[in-house]
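Notebook open, one structure to go through today. I want the fold, the cores, the disulfide and the charged pairs written down before I do anything else.

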Amino acid sequence: IQMEQTQRGARSFDEANAAEAYQLLSEACALLASLAAQDLPSGELTLAQHTFAQVLAWRAVIRAKMRSDGQSLPAPVVAEGDGLFEDIGAPRSLTVERCLVSTSLRRPIEYPSGAARRGELAGAAVRLRINADGQVTEARVVARVGSEDFLEAIDESASSWTVTRRPDSQPNCRMEMTLLRAISFSFDQS
């Protein structure tokens, strides 16, 4: 995909190549999920978590680019939606089920204007640590595809993450968790 853009200066991906890449990255997510769920006592990212984050970042790039090119996502993957985020790390209490949550930003992440002019692609994975009260205590980029401009744009919005307990969560569920949240950078055709 990267070679396709740099060699031909293509503004859009070959649809079949992009769909295949997206499918493969989705399969990698599924294969890595259980390994990424195992935390180190130190709280540092494991190799599996780092790899999982990289896959999420690349998947975000492909998804955003396909959408901006007006291409459809592969059918089995469309149902997952845009709000993909993954719970990582062993829960602190194995007896209390994790709450279902939605994450959002109070202030949107801006596509860096210089990167947009250059036609750069980007995606990232952010690790969110959430305490028992449902407050984000850490928002850190753990994987990035794209230039340093994108990291700066994400960091500017890092303090604006919010977490909301979904109404379909079990009563007395656990809010304390660690999530990896994929971030897509995309711009419309205009």
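For the element count I take helices as DSSP runs of H or I with at least four residues, and strands as E runs of at least two, numbered from the N terminus. I also note up front that this is a predicted model.

**Entry 1: fold**

I count six helices and six strands in the protein. Reading along the sequence, I get the pattern α-α-α-α-β-β-α-β-β-α-β-β. I then looked up how contacts spread over the chain. Among those with a separation of 6 or more, 76% are between residues 24 or more positions apart.

**Entry 2: surface and burial**

The accessible surface of the protein comes to about 10200 Å². Carbon and sulfur atoms hold 50% of that surface. Of the 190 residues, 44% are buried. I spot-checked a cysteine here: Cys29 has a relative accessible area of 8%, and since buried means under 20%, Cys29 counts as buried.

**Entry 3: nonpolar cores**

Which residues touch the most other members of the largest nonpolar core? I find Phe52, Ala53, Leu56, Ile62, Met66, Ala125 and Leu180, out of 25 residues in that core. Two or more residues each come from helix 2 (15-36), helix 3 (47-68), strand 4 (136-145) and strand 6. Helix 3 gives the most, with nine residues. I also logged a second, separate core of 23 residues, which includes Cys99, Val126, Val163 and Leu179.

**Entry 4: the disulfide**

Cys99 turned up in that second core, and I met Cys99 again when I searched the whole structure for disulfides. The search finds one, and it joins Cys99 to Cys173 with an S to S distance of 1.8 Å. Which hand does the disulfide have? The torsion about the S-S bond is about 95°, so I wrote down right-handed. Cys99 sits in the loop between strand 1 (85-88) and strand 2 (101-105), and Cys173 in the loop between strand 5 and strand 6, so the pair ties together parts that are 74 residues apart in sequence. Both cysteines, Cys99 and Cys173, are buried.

**Entry 5: Arg174**

I stayed in the loop between strand 5 (161-165) and strand 6 (177-185), where Arg174 lies. Is Arg174 buried or exposed? Arg174 is buried, at 11% relative accessible area. I checked what its side chain reaches, and found the backbone oxygen of Glu176 at 2.4 Å.

**Entry 6: salt bridges**

How many salt bridges does the structure hold? I get five. I started with Asp168 and Arg166, whose side chains meet at 2.8 Å, N to O. Asp168 is partly exposed at 46% relative accessibility, and Arg166 is partly exposed too, at 30%. Elsewhere, salt bridges that share partners join Arg127, Arg129, Glu138 and Arg140 into one network. Within that network I looked up two pairs around Glu138. The side chains of Glu138 and Arg129 meet at 2.7 Å, N to O. Arg140 also bridges to Glu138, with the closest N and O atoms 3.5 Å apart. That second pair counts because the cut-off for a salt bridge is 4 Å. On exposure, Glu138 has a relative accessible area of 23% and is partly exposed, while Arg140 is partly exposed at 34%.

Terms used:
Residues are numbered from 1 along each chain as its sequence is written. This is a predicted model: local features need pLDDT of at least 70, side-chain atom pairs count only at pLDDT 80 or more; totals for chains, interfaces and linings use all residues. Side-chain values use heavy atoms; hydrogens and water are left out. Buried means under 20% relative accessible area, exposed over 50%, partly exposed in between (1.4 Å probe, protein chains only). A polar contact is a pair of N or O atoms within 3.5 Å; within protein, one must be able to donate a hydrogen and the other to accept it, and residues adjacent in sequence count only if both atoms are side-chain atoms. A nonpolar core is a set of buried Ala, Val, Leu, Ile, Met, Phe, Trp, Tyr and Cys residues joined through side-chain atoms within 4.5 Å. Contact means heavy atoms within 4.5 Å. Accessible areas come from the Shrake-Rupley method with a 1.4 Å probe; for residues, only the protein chains shown count as cover. A disulfide is a pair of cysteine sulfur atoms within 2.5 Å.
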